[in-house]
Amino acid sequence: MSALLEKIDKSRLPRHIAIIMDGNGRWAKEKGEDRLFGHFHGVESVRNIVEGAAELGVEYLTLYAFSTENWDRPEYEVSGLMELLVSTIRKEVESLNKNNIRLHVIGDMSMLPEYARTELNEALDITRPNTGLNLVMALSYSGRWELLNAVKNIAHEVKQGKLNVEEISQDTLQHFLCTSEFPDPELMIRTSGEFRISNFLLYQLAYAELYFTNVRWPDFRKENLYEAILDYQNRERRFGKTSDQLDETKAPA
Ligand code: IPE
Ligand code: IPE
Ligand code: MG
């Protein structure tokens with residue numbers, strides 16, 4: 001077993017890990033290859049990390065695969081990514097099922113080409129009964145899109161008389177987010193040396209521990225995930241309280 005894996009305290013795993021899979025393009029460019037070559041190799045990392053998370057017993061893994069802003073990339077890259085998405089899903093559904101992994105999707109599905117939507121919906125249906133890892137793909141997703149959507153839907157309910165303005169709470173807002181069924185991520189990882197959120201889970205990351213690594217996504221493997229989890233386990237999550245307050249609530253040794 002890996003030395004890093006042995007150090008992980010299995011009783012204090014994050015329930016939900018979210019990852020911004022960044023750096024495919026630069027990884028490819030550094031090798032004198034086309035950006036799509038990087039995306040292609042990024043799929044191998046997805047496989048490896050999904051497997052790693054499932055083995056550990058992480059309950060939710062959210063992967064940022066395509067942002068609403070990514071639609072503005074050159075046409076050939078966008079269509080290449082869509083084709084890669086569809087062919088990957090087609091190939092992987094069987095192994096998702098075998099590993100009891102349930103697929104979810106968050107994002108503006110109406111922006112996806114019809115053939116990609118059909119393929120995704122099929123995969124969602126097929127993996128629905130699975131009870132192991134919840135794999136959440138953020139596709140054509142952005143936090144601002146999601147929040148705007150939630151606000152509009154809440155306004156509709158108010159207009160139809162189904163909801164009173166005074167009754168709107170944080171729970172209401174949570175209910176209207178795409179992630180309403182999932183707990184907030186405790187750990188957010190971004191690869192490839194960028195220190196920003198890029199419109200990812202803006203509301204849900206409020207108290208997430210952020211972990212940044214220079215490793216490009218196509219090079220990211222289970223060992224890198226273990227490193228991130230170990231780093232997370234060494235942090236003190238205070239949620240606005242003082243360190244002393246946290247000590248008081250700890251059971252005496
Ligand atoms: C992440 O890699 C994948 C997507 C955004 C689809 P990039 O394509 O952003 O790679 P870099 O950041 O240009 O290296
Ligand atoms: C964020 O990466 C989106 C995904 C990884 C899918 P970007 O590469 O699009 O983000 P910026 O443009 O560097 O902020
Ligand atoms: Mg990028």
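Visitor: Hi! How far is the side chain of Asp22 from an oxygen atom of ligand 2?
Guide: An N or O atom in the Asp22 side chain is 3.2 Å from an oxygen atom of ligand 2. That is a polar contact, meaning a pair of N or O atoms within 3.5 Å. This is a predicted model, where local features need pLDDT of at least 70, side-chain atom pairs count only at pLDDT 80 or more, and totals for chains, interfaces and linings use all residues. Residues are numbered from 1 along each chain as its sequence is written, chains are lettered from A and ligands numbered from 1 in the order in which they are written, and side-chain values use heavy atoms, leaving out hydrogens and water.

Visitor: Which other side chains have a polar atom close to an oxygen of ligand 2?
Guide: Asn70 has a side-chain N or O atom 2.9 Å from an oxygen atom of ligand 2, and for a polar side-chain atom of Arg196 the distance is 2.8 Å. The protein buries 78% of the 390 Å² that ligand 2 exposes when taken alone (Shrake-Rupley method, 1.4 Å probe).

Visitor: And which residues surround ligand 2?
Guide: Among them are Ile20, Met21, Tyr64, Phe66 and Arg190, counting residues with a heavy atom within 4 Å of the molecule. Strand β2, residues 60-67, gives the largest share of that shell, 3 residues (strands are DSSP E runs of at least two residues, helices H or I runs of at least four).

Visitor: What's the mix of classes in that shell?
Guide: The shell around ligand 2 has 5 nonpolar, 2 polar and 4 charged residues. Here Ala, Val, Leu, Ile, Met, Phe, Trp, Tyr, Cys and Pro count as nonpolar, Asp, Glu, Lys and Arg as charged, and the others, Gly among them, as polar.

Visitor: Switching to ligand 1: which residues come nearest?
Guide: Asp22, Gly25, Arg26, Arg35 and Arg73 come nearest, out of 13 residues around ligand 1. A polar side-chain atom of Asp22 lies 2.8 Å from an oxygen atom of ligand 1. For Arg26 that distance is 2.7 Å, and for Arg73 it is 2.7 Å. On its own, ligand 1 has 380 Å² of accessible area, and the protein covers 87% of it.

Visitor: Which helices supply at least two residues of its shell?
Guide: Those are α2 (24-30), α3 (35-56) and α4 (75-98). The largest share, 3 residues, comes from α2. By class, the shell around ligand 1 has 3 nonpolar, 5 polar and 5 charged residues.

Visitor: Where does ligand 2 sit?
Guide: Ligand 2 sits in the largest pocket, and the space taken by ligand 1 is the largest pocket too. Sitting there means that more than half of a molecule's atoms lie within 2 Å of the grid points. A pocket is an open set of points on a 1 Å grid, with protein on both sides within 12 Å along at least five of seven lines, and its lining residues have an atom within 4 Å of a point.

Visitor: What volume does the largest pocket have?
Guide: About 1100 Å³, the space filled by probe spheres set on the points. Its lining has 47 residues, with Met21, Asn24, Val46, Tyr64 and Ala65 nearest the centre. Two or more lining residues come from each of α2, α3, β2, α4 and β4 (134-141).

Visitor: How many cavities of 30 Å³ or more are there?
Guide: The search finds 1; a cavity is a set of points where a 1.4 Å probe fits but cannot get out. The largest cavity holds about 50 Å³ of space, and its lining includes His16, Thr62, Phe182 and Asp184.

Methods: A polar contact is a pair of N or O atoms within 3.5 Å; within protein, one must be able to donate a hydrogen and the other to accept it, and residues adjacent in sequence count only if both atoms are side-chain atoms.
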